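Please read the points below with the model open beside you, and find each residue or element in it before moving on to the next one.

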Amino acid sequence: MSKFLDERYSGLAAYVPGEQPQDKKYIKLNTNESPYPPSPEVLEGVSLSEVELLRLYPDPDGSVLTRKIANYYGVDTSNVVLTNGSDDVLNFAFMAYGANGRKTYFADITYGFYKVFADLHNSQYTQIPLEADFTIDIDKFCNKDGAVFIANPNAPTGIALTLSQIEKIVSSNPDNVVVIDEAYVDFGCESAVSLVNKYNNLLVVQTYSKSRSMAGARLGYAIGSKEIIEDLQKLRYSTNPYNINRLTLVVGACAIDSQSYYDLNCKKVMEAREYTKSQLEELGFFVLDSKANFLFAESDKIQGEELYLKLKDKGILVRHFTTPRISNYNRITIGTFEQMQIFIKTLKEILEEN
Ligand SMILES: *Cc1c(COP(=O)(O)O)cnc(C)c1O
């Protein structure tokens, strides 16, 4: 740290992304990416002529893609904002509704970036403890005096709330924004987008990084009331109106045209998830009920960190968190069926060696 850095950032603990080894020798089950490539339409969308057009700035409104997303979800274009991954819009939401001492609320065990954004913007935040079984008691998120952030399904637990539970939280907070982060919604959970026209305090955040196989393209979006979207557009235009590059705008639109391809991939991931869950349970693991593309599991036969290290040694990366409540767990991204068979086989070896 230099002596020039503003004091308010001196204590900031930055977000720590999952490992991204560059030698490609691992089976990567640690950052919830899709094991499948983007759709054929997306691959064809990146033509040489599109690359040549990189000399020009992208459309700051992303009009074509915005219209496609709006049509797909049955909302107006004024209900959509596009961002550089969904982290970008989560950052804007904290900036808009939780900065400078304003109160925000999120779970104690949830996406780690919420706390980082809250610190970055000097939010007065409360981390609401999950229940002992890692479920959310929705009453604890109702009637708050500040913005509420909920990942649904939650990460890293994978546990989902129903649409009626989400609606209860949204309707009980009419004077505060409720952000529902649906990064994993396509793996078996109900989206709250259908509530956007009913509640002007709801912001639904989604991403291309997981179910649409495009983590490297950095594309996210949020759907909310016209007024909320105007707030976020103001912050986006005050930060970087060109936050989405030309190629990403093109492939993002192509992906909307190949939804059946992505639906099939999600189905395969969900099947591999249920296979992996039952195999883990047979090996004596306790596995949370996941509606996401990962499982969160622990065993009393081997410690969480030890298992993470042994798997890594054998070429499989999973995600281990040192947070006390969850330090015995590992979060295992669901890959292809073949990858999950190798994972289970390797796990058996480790348990036998123990
Ligand atoms: C992966 C993830 C995101 C962010 O993804 P982007 O790649 O920035 O779109 C947001 N929220 C949760 C809960 C996630 O797991």
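**Notes on the predicted model**

1. Asparagine 243 has its place in the loop between H7 and helix H8, the latter covering residues 246-256. Please keep in mind from the outset that this is a predicted model. Is asparagine 243 buried or exposed? Its relative accessible area is 6%, and because values under 20% count as buried, asparagine 243 is buried. Leaving aside residues up to four places away in sequence, asparagine 243 touches Leu82, Thr83, Asn84, Asp88 and Arg236.

2. The helix that follows this loop, H8, is mostly covered, with eight of its eleven residues buried. Those buried residues are Thr248, Leu249, Val251, Gly252, Ala253, Cys254, Ala255 and Ile256. Which elements do the buried residues of H8 pack against? They pack against helix H1 (40-45), helix H3 (63-73), strand E2 (80-83) and H9.

3. On the other side of the loop, helix H7 spans residues 226-239 and contains glutamate 230. The relative accessibility of glutamate 230 is 47%, so glutamate 230 counts as partly exposed. Glutamate 230 and valine 193 are 37 residues apart along the chain, and their C-alpha atoms are separated by 17 Å.

4. H7 also meets H4, and the axes of these two helices come within 10 Å and cross at roughly 105°. Because angles of 65 to 115 degrees count as roughly perpendicular, H4 and H7 are described as roughly perpendicular to each other. On the H4 side the contact is made by Val89, Phe92, Ala93, Met95, Ala96 and Tyr97, and on the H7 side by Ile228, Asp231, Leu232, Leu235, Arg236 and Thr239. Divided by class, the residues of this contact of H4 with H7 are nine nonpolar, one polar and two charged. Arg236, named here as part of the contact with H4, is also one of the residues that asparagine 243 touches.

5. A second helix pair to look at is H9 (residues 259-282) with H11 (residues 337-353), which pack at an angle of about 10° with their axes 10 Å apart. Since angles under 35 degrees count as roughly parallel, H9 is roughly parallel to H11. H9 contributes Ala272, Tyr275, Thr276, Gln279 and Leu280 to the contact, while H11 contributes Phe337, Met340, Gln341, Phe343, Ile344, Leu347 and Lys348. By class, the contact of H9 with H11 has eight nonpolar, three polar and one charged residues.

6. How much volume does the largest pocket have? The value is about 1,200 Å³. The largest pocket is lined by 45 residues, of which Tyr15, Val16, Tyr111, Gly112 and Arg319 are the closest to its centre. At least two residues of the lining come from each of helix H4 (85-97), strand E3 (103-107), helix H5 (113-120) and helix H10 (304-313). H5 supplies the largest share, which is four residues. The lining of the largest pocket divides into 20 nonpolar, 14 polar and eleven charged residues.

7. Two peptide bonds deserve a careful look in the model. A cis peptide bond joins asparagine 152 and proline 153, with omega at about -5°, and proline 153 lies in the loop between strand E5 (147-151) and helix H6 (163-171). Another cis peptide bond joins alanine 155 and proline 156, with omega at about 5°, and proline 156 is likewise found in the loop between E5 and H6.

8. The last point concerns backbone angles. Asparagine 122 has a phi near 55°, a positive value in a residue other than glycine, and is found in the loop between H5 and strand E4 (124-128). Its relative accessible area is 52%, and because exposed means over 50%, asparagine 122 is exposed. Asparagine 143 also has a positive phi, of about 55°, although it is not a glycine, and this residue lies in the loop between E4 and E5. With 62% relative accessibility, asparagine 143 counts as exposed.

Methods
Residues are numbered from 1 along each chain as its sequence is written. This is a predicted model: local features need pLDDT of at least 70, side-chain atom pairs count only at pLDDT 80 or more; totals for chains, interfaces and linings use all residues. Side-chain values use heavy atoms; hydrogens and water are left out. Axes are lines fitted to C-alpha atoms, for helices over the stretch in contact, and angles run from 0 to 180 degrees between N-to-C directions. Angles under 35 degrees count as roughly parallel, over 145 as roughly antiparallel, 65 to 115 as roughly perpendicular and the rest as oblique. Contact means heavy atoms within 4.5 Å. Ala, Val, Leu, Ile, Met, Phe, Trp, Tyr, Cys and Pro count as nonpolar, Asp, Glu, Lys and Arg as charged, and the others, Gly among them, as polar. On a 1 Å grid over the protein atoms alone, a cavity is a set of points where a 1.4 Å probe fits but cannot get out, and a pocket is an open set with protein on both sides within 12 Å along at least five of seven lines; lining residues have an atom within 4 Å of a point. Grid points are joined across faces, edges and corners, and a volume is the space filled by probe spheres set on the points. Buried means under 20% relative accessible area, exposed over 50%, partly exposed in between (1.4 Å probe, protein chains only).
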